Structure formats: structure tokens, C-alpha cells
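This report describes how strands, nonpolar cores and charged pairs fit together in one protein chain. The sequence and the structure come first, and the discussion then starts from a single charged residue.

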Amino acid sequence: MPRLHALLLAGVLGSCSLLAQGSDDVVTLNTPRAFPVVTTPGEWKERAQAIQQQALFSCGLWPLPPRNPLNARVFGKTLHAGFSVEKVVIETFPGFFLGGNLYRPLQGKGPFPAILNPHGHWPAGRLVHTKDGSIRARCISLARQGMIAFAYDMV
């Protein structure tokens, strides 16, 4: 793990190196960069860990916050043609709850692939059902095709 910290620090400092050296070149998102050459599975694993750590760090999630029990509740199952719908409540943070609907296929033997369905920026969130878009219709279609679909309220 210390090597990963060194790689992370080198990446952060490397992105500032042109400015630190007094160069007139400005580093932007459009600045060409060379990808590192990765030749072995071990190098790839190390690179993948460094990328993951950088992404977590950039999101303010490094180190990861403590994990709390989700205290998930699944209830209110309704049966439909080829699929079922259940209500879900998950405690994502102590005292903070996320609600959604879980669409499951009625046919086939699992395990089934599962798909998270964020609702985007519709005025009524996951409950929108218009000619322009419908989270429910998408989830129903996925469940009828043999997938589990979870539509949840975004915060």
C-alpha cells in the first residue's frame, strides 16, 4: 500500500509540475498525456488500485468513511405480468433513508444481473411516466428480460 500512496502523490504532484517549474505552459484537461505502459497483471492491479484510490480521493472519500449497517427493508410486493415490484428502504447513513422500488423477474433461475436506475433530473424523479421518459417502463422492461432493476430516489 505505501507504493500506492507514492503513486498517488506522484500523480498529484506531477499534474502541477509544469506550473511549479515556472513554465509558461498551462496544464488543463486538454493537455496531452501519455498513458503508462502496463505489461504484467501485477502492474495492472497496482495501476487499477492507484486509479481507484485517486477517484475516491477526488470525491472526498479517501479514506473511506466507516460502513454502517444498511438496515434494508423490502416490503409491499405486488405481482404483475412477468415481474414483481417491491418497496425498498435503505439506511444509507445513520438516520438518513433512501427509498426505491425493486423490479424482479418472475421467470428464470438466478442469479440475475442487477441494474441501478437513477432517475436523472425529472421533476417527479423515479415516478415520472410520460411519453418522453419513464423510469418505471425501463425497469419493467429490464425485469421482463430477466434482470433485477432498482429505481431509487436520488438526493
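## A charged pair between two strands

In this model, which is a predicted one, Arg-104 has a relative accessibility of 31% and therefore counts as partly exposed. Its side chain meets that of Glu-86 in a salt bridge, with an N to O distance of 2.6 Å. Because Glu-86 lies in strand β2 and Arg-104 in strand β3, the pair ties together parts that are 18 residues apart in sequence. Glu-86, for its part, has a relative accessibility of 10%, and since buried means under 20%, Glu-86 counts as buried.

The count of salt bridges comes to 2. In the other pair, the side chains of Asp-132 and Lys-131 meet at 3.3 Å, again taken from N to O, and here both Asp-132 and Lys-131 are exposed.

## Strand pairing around β2

The strands that carry the Glu-86 and Arg-104 pair are also joined through their backbones: β2 and strand β3, which spans residues 96–105, run antiparallel and are joined by 10 bridges. Within this pairing, Val-85 stands opposite Tyr-103 in β3. The hairpin of β2 and β3 has 2 residues between the strands, and Gly-95 takes a positive phi near 85 degrees there.

Strand β2 pairs with strand β1 (residues 73–80) as well, in the antiparallel sense and over 6 bridges. Val-74 has Val-88 as its bridge partner in β2. In the hairpin of β1 and β2, which has 2 residues between the strands, Gly-82 takes a positive phi near 90 degrees.

## Two nonpolar cores

Which residues make up the largest nonpolar core? This core has 10 residues in all, namely Phe-83, Val-85, Tyr-103, Ile-135, Cys-139, Leu-142, Ala-143, Met-147, Ala-149 and Ala-151. At least two residues of this core are supplied by each of β2 (83–93), α3 (135–144) and β7 (148–152), and the largest share, 4 residues, comes from α3. A second, separate core of 7 residues includes Val-88, Ile-90, Leu-102 and Phe-150.

Val-85 and Tyr-103, which stand opposite each other in the pairing of β2 and β3, are both members of the largest core, whereas Val-88, the bridge partner of Val-74, belongs to the second core. Cys-139, also a member of the largest core, touches Tyr-103, Asn-117, Ala-149 and Ala-151 when residues up to four places away in sequence are not counted.

## A buried serine in β6

Ser-134 has its place in strand β6, which covers residues 133–134. What contacts does Ser-134 make, not counting residues up to four places away in sequence? With those residues set aside, Ser-134 touches Val-128 and His-129. Its relative accessibility is 15%, which means that Ser-134 counts as buried, in contrast to Asp-132 and Lys-131, which are exposed.

## A nonpolar patch on the surface

Nonpolar side chains also appear on the surface, where Val-38, Trp-44 and Ile-51 make a patch of about 270 Å². Ile-51 is found in helix α2, which runs over residues 41–58. With a relative accessibility of 40%, Ile-51 counts as partly exposed, because that class holds the values between the buried limit of under 20% and the exposed limit of over 50%.

Methods
Residues numbered from 1 in each chain as written. Predicted model: local features only at pLDDT ≥ 70, side-chain atom pairs only at ≥ 80, totals over all residues. Heavy atoms only, no water. Patch = residues over 30% accessible without salt bridge, like charges linked within 9 Å, V, L, I, M, F, W, Y side chains within 5 Å. Areas by Shrake-Rupley, 256 points an atom, 1.4 Å probe, with all protein chains shown as cover. Salt bridge = Lys/Arg side-chain N within 4 Å of Asp/Glu carboxyl O. Buried < 20%, exposed > 50% of the residue type's maximum accessible area, 1.4 Å probe, protein only. Core = buried A, V, L, I, M, F, W, Y, C linked by side-chain atoms within 4.5 Å. Contact = heavy atoms within 4.5 Å. Pairing = 2+ DSSP bridges.
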